[in-house]
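Here are some exercises to work through with the model open beside you. Try each task before reading its solution.

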Amino acid sequence: MSKRILLTGGGTAGHVTPNIALIPGLKKRDYEIVYIGSYEGIEKELIEDLGIYYKAISTGKFRRYFSLKNFTDPFRVLRGYSQAKAIIKEYQPDVVFSKGGFVSVPVVKAAKHYKVPVIIHESDMTPGLANKLSFSAATTVCHNFPETAQYLPEGKALLTGSPIRQELRQGDKAAGLEFCGFTADKPVIMVIGGSLGAVAVNEAIRNNLDELLKTFQIVHLCGKDKVDHKYDGRPGYVQFEYIQDELKDLFAIANIVVSRAGANAICEIVALKKPSLLIPLSKAASRGDQILNARSFEKQGFCEVLEEEELSAEPGLFMEKINTLYNENELYIDAIEKAGTTDAVTTILDLIDSVSKTKVRKKQ
């Protein structure tokens, strides 16, 4: 009898891509896979494109600030919990793996109800609220940064690193140049604003576009609905909302990456040995986790960091850091190589195997 795993996580690509990184290995280990996500989140399209059976549930956001939705979303969460219980009762998974995001909370709570082992993965330096709410249901909490262990339940923490999609290592430089219409004789900056887009990152690129294009070609992943068509046709500059299949080829042509500092994104950038300029989400718009992520990697010599407040206060700093990255490219690559990398995919797959053996499937 093949083993059964239920994957969950969503809201942004960062809550989905680590799950995607595990799927090839899960298939090789003969797991039947079902994915629980939201009705309209980015996870639905990403997972269904892989041919994985996808079940959607109702979800709501747990906000730390006042919003009228705070009065209605709890009912959506309760509905999602009932839906997740029904799916688990029918599917009877041996193990649940959760990457976080608010859609995951009712799923892991439902798994606990049916005594299904739950593994949670926390990518950021400090845990997000959704994962915090789920810790009590977890058998093990995997984490990405050594510093994170202090914030996790005693006896449950396991340092694994972040699972990286192996296909990203298989990019074709010629295919990437052709896809973008670029030449091979000019360096390339790849800009990643995240699946939902990042206004600060997009503006930093467009405000400096004339200067950047003197030296670089730029492929700009702007995020959903963030393409600005007034820049269409600029030689050496192409923009897309989001790229999936060709992403590996875009990484292959990139000399420098400009990105937000979500943990999964920056772990992929480092795994591919790309010097980067990280522009973390500000504390005004977040709990500050991206700043902590970015500063940790900066301290190790992997990247440069430019906070949003610095972008507006010191306009020339953006180009200064880009030029430093390009001119001292080998120093950043050398720091990454000296640090080495962990095989998070195999570590987590082995953990899933060991945990799933503890679950005896029976009629619920």
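**Exercise 1. Find out why Cys-142 and Cys-222 form no disulfide.**

Step 1. Start with the rule: a disulfide is a pair of cysteine sulfur atoms within 2.5 Å.

Step 2. For Cys-142, the closest cysteine sulfur belongs to Cys-267 and is 13 Å away, too far for a bond. For Cys-222, the closest one is in Cys-180, at 12 Å, which is again too far for a bond.

Step 3. By this rule, the count is 0 disulfides.

Step 4. Now check the surroundings, taking buried as under 20% relative accessible area, exposed as over 50% and partly exposed as in between (1.4 Å probe, protein chains only). Cys-142 is buried at 0% relative accessibility, and Cys-222 is buried at 0% too.

A word on the source: this is a predicted model, in which local features need pLDDT of at least 70 and side-chain atom pairs count only at pLDDT 80 or more, while totals for chains, interfaces and linings use all residues. Residues are numbered from 1 along each chain as its sequence is written, and side-chain values use heavy atoms, with hydrogens and water left out.

**Exercise 2. Describe the setting of Cys-180.**

Step 1. Locate Cys-180 in helix H6, residues 173-180; helices (H or I, at least four residues) and strands (E, at least two) are DSSP runs, numbered from the N terminus.

Step 2. With a relative accessible area of 6%, Cys-180 is buried.

Step 3. List its contacts (heavy atoms within 4.5 Å), leaving aside neighbours within four places in sequence. You should find Val-219, Val-238, Leu-250 and Ile-253.

**Exercise 3. Which strands pair with S8, and in what sense?**

Step 1. Two strands pair if DSSP finds at least two bridges between them.

Step 2. S8 (residues 188-192) and S9 (residues 217-221) pair in the parallel sense over 5 bridges. Here Ile-192 stands opposite Leu-221.

Step 3. S8 also pairs with S11 (residues 256-259), in the parallel sense over 4 bridges. In S11, Ile-256 is the bridge partner of Ile-189.

Step 4. Look at the side chains of S8: Val-188, Met-190 and Ile-192 point one way, Ile-189 and Val-191 the other, and all are buried.

**Exercise 4. Classify two aromatic pairs.**

Step 1. Rings of Phe, Tyr and Trp (its six-membered ring) pair if their centres lie within 6.5 Å; planes under 30 degrees apart are stacked, over 60 edge-to-face and the rest tilted. The whole structure holds 6 aromatic pairs.

Step 2. Tyr-231 and Tyr-237 have ring centres 6.3 Å apart and planes at 70°, so they are edge-to-face. Both are buried.

Step 3. Phe-297 and Phe-302 have ring centres 5.5 Å apart and planes at 75°, so this pair is edge-to-face. Ring pairs link Phe-145, Phe-297 and Phe-302 into a cluster.

**Exercise 5. Which element gives the most to the largest nonpolar core?**

Step 1. A nonpolar core is a set of buried Ala, Val, Leu, Ile, Met, Phe, Trp, Tyr and Cys residues joined through side-chain atoms within 4.5 Å.

Step 2. The largest has 27 residues, and Ile-5, Leu-26 and Ile-352 have the most contacts inside it.

Step 3. Elements giving two or more residues include strand S1 (3-8), helix H1 (17-28) and helix H15 (344-356). H15 gives the most, with 6 residues.

Step 4. Apart from this core lies another of 26 residues, among them Ile-189 and Ile-279.
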